[in-house]
Amino acid sequence: MGLETALPVDGYLTTQLTRVVNWSRRSAVWPMPFATACCGIELMATASSRYDLSRFGAEVMRFSPRQADLLIVAGRVAVKMLPVLQRIYVQMTEPKWVISMGACASTGGVFDTYATVQGIDQFIPVDVYVPGCPPRPEMLIEGIMAIQRIIDEENIPRDPTTGKRLPLEIALNPTHEPRPQPVDVSVGAT
Ligand code: SF4
């Protein structure tokens, strides 16, 4: 997993060092964007000055899986593209996390077709589902903060028999109320 595996058994110093390691990890999450469609635009907006993802230490987008620890899948994934996604996930180093951003990545969205993957969690473990079509940048930030909380709590579940990484499957709820339409667009409005 990393530095902490070389530490001796539990003790005061080990605990404090683990805290420092977790603090540095959660303060410097490096996302690997896998943006295939419109959700990718919101992902870009999240890193822009208006939303400023760097406030959370997660703005350093890496385009090499070996340098990233957070895979953000934003947009629909075609079946043809799936092996690429799986290879990227496998090539990322542990500990790693996955956010499924938007309806298409989580369920296939409106693309109920044979060519579109109907949820990436059938093929790679997903830790946080960010709802929306597309999710707003605030929602994605909420998802990244959920990952940071996981890192803080060292909540990385594994299968006790195989040691295989288990997905956390946290589904976020929308946290904002939709704003009223500026004009009445209801049927029959004059
Ligand atoms: S969830 Fe909506 S915005 Fe995101 S990729 Fe699918 S259609 Fe586009």
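Which residues surround the ligand? That is where I would like to start, and I should say at once that what we are looking at is a predicted model. In this model the ligand is surrounded by Ala 37, Cys 38, Cys 39, Gly 75, Arg 76, Gly 102, Ala 103, Cys 104, Gly 109, Cys 133 and Pro 134. Sorted by class, that shell comprises 7 nonpolar, 3 polar and 1 charged residues. The element that gives the most to the shell is helix H4, residues 102-107, which supplies 3 residues.

One member of the shell has a backbone feature that deserves a remark. Cys 133 and Pro 134 are joined by a cis peptide bond, with omega at about -5 degrees, and Pro 134 sits in the loop between E4 and H5. There is also a cis peptide bond between Glu 94 and Pro 95, where omega is about -10 degrees; Pro 95 belongs to the loop between helix H3, residues 82-91, and E3.

Let me step back to the overall fold. The protein has 5 helices and 5 strands, and if you read the elements from the N terminus on, they run α-β-α-β-α-β-α-β-α-β. Of the 190 residues in the protein, 28% are buried. Among the contacts with a separation of 6 or more, 77% are between residues 24 or more positions apart.

Now the sheet. It is an open sheet of 5 strands in the order E1-E2-E3-E4-E5, and the pairing is parallel. Strand E1, residues 31-35, and strand E5, residues 170-171, stand at the edges with a single partner strand each, so one side of each has no neighbour in the sheet. Even so, E1 is largely enclosed by the rest of the structure, because 4 of its 5 residues are buried. E1 runs parallel to strand E2, residues 70-74, and 5 bridges join the two; within that pair, Pro 33 stands opposite Ile 72 in E2.

Moving one strand along, E2 and E3 also pair in the parallel sense, over 5 bridges, and here Val 73 stands opposite Ser 100 in E3. How many of the residues of E3 are buried? The count is 5 of 5, so to speak of E3 as mostly covered is fair. As a general matter, side chains in a regular strand alternate between the two faces of the sheet. In E3, Trp 97, Ile 99 and Met 101 point one way, Val 98 and Ser 100 point the other way, and all of them are buried.

From Ser 100 we can pass to Val 128, since the C-alpha atoms of these two residues are separated by 6.3 Å although they are 28 residues apart along the chain. Val 128 lies in strand E4, residues 128-130. Is Val 128 buried or exposed? There are 26 other C-beta atoms within 10 Å of it, and it therefore counts as buried, the cut-off being 20 or more. Leaving aside neighbours within four places in sequence, Val 128 is in contact with Ile 99, Gly 143, Ala 146, Ile 147, Ile 170 and Leu 172.

I turn next to the helix packing, and a general point helps: two packed helices are described by the angle between their axes and the distance between the axes. For helix H2, residues 39-47, and helix H5, residues 137-153, the axes come within 9 Å and cross at roughly 75 degrees. That crossing makes H2 roughly perpendicular to H5. On the H2 side the residues that meet H5 are Glu 42, Leu 43, Ala 45 and Thr 46, and on the H5 side they are Pro 137, Leu 140 and Ile 141. By class, this contact has 5 nonpolar, 1 polar and 1 charged residues.

Finally, a detail from the loop between H2 and E2, which is where Asp 52 is found. Asp 52 is not a glycine, and yet its phi is positive, at about 50 degrees. What is the exposure of Asp 52? With 13 other C-beta atoms within 10 Å, Asp 52 is partly exposed.

To close, I return to the ligand: the shell around it has 7 nonpolar residues, and helix H4 gives the most to it.

Notes:
Residues are numbered from 1 along each chain as its sequence is written. This is a predicted model: local features need pLDDT of at least 70, side-chain atom pairs count only at pLDDT 80 or more; totals for chains, interfaces and linings use all residues. A residue is near a molecule or strand if its C-beta atom, placed from the backbone, lies within 6 Å of it. Ala, Val, Leu, Ile, Met, Phe, Trp, Tyr, Cys and Pro count as nonpolar, Asp, Glu, Lys and Arg as charged, and the others, Gly among them, as polar. Axes are lines fitted to C-alpha atoms, for helices over the stretch in contact, and angles run from 0 to 180 degrees between N-to-C directions. Angles under 35 degrees count as roughly parallel, over 145 as roughly antiparallel, 65 to 115 as roughly perpendicular and the rest as oblique. Two residues are in contact if their C-beta atoms, placed from the backbone, lie within 7 Å. A residue is buried if 20 or more other C-beta atoms lie within 10 Å of its own, exposed if 12 or fewer, and partly exposed in between; C-beta atoms are placed from the backbone. Two strands pair if DSSP finds at least two bridges between them.
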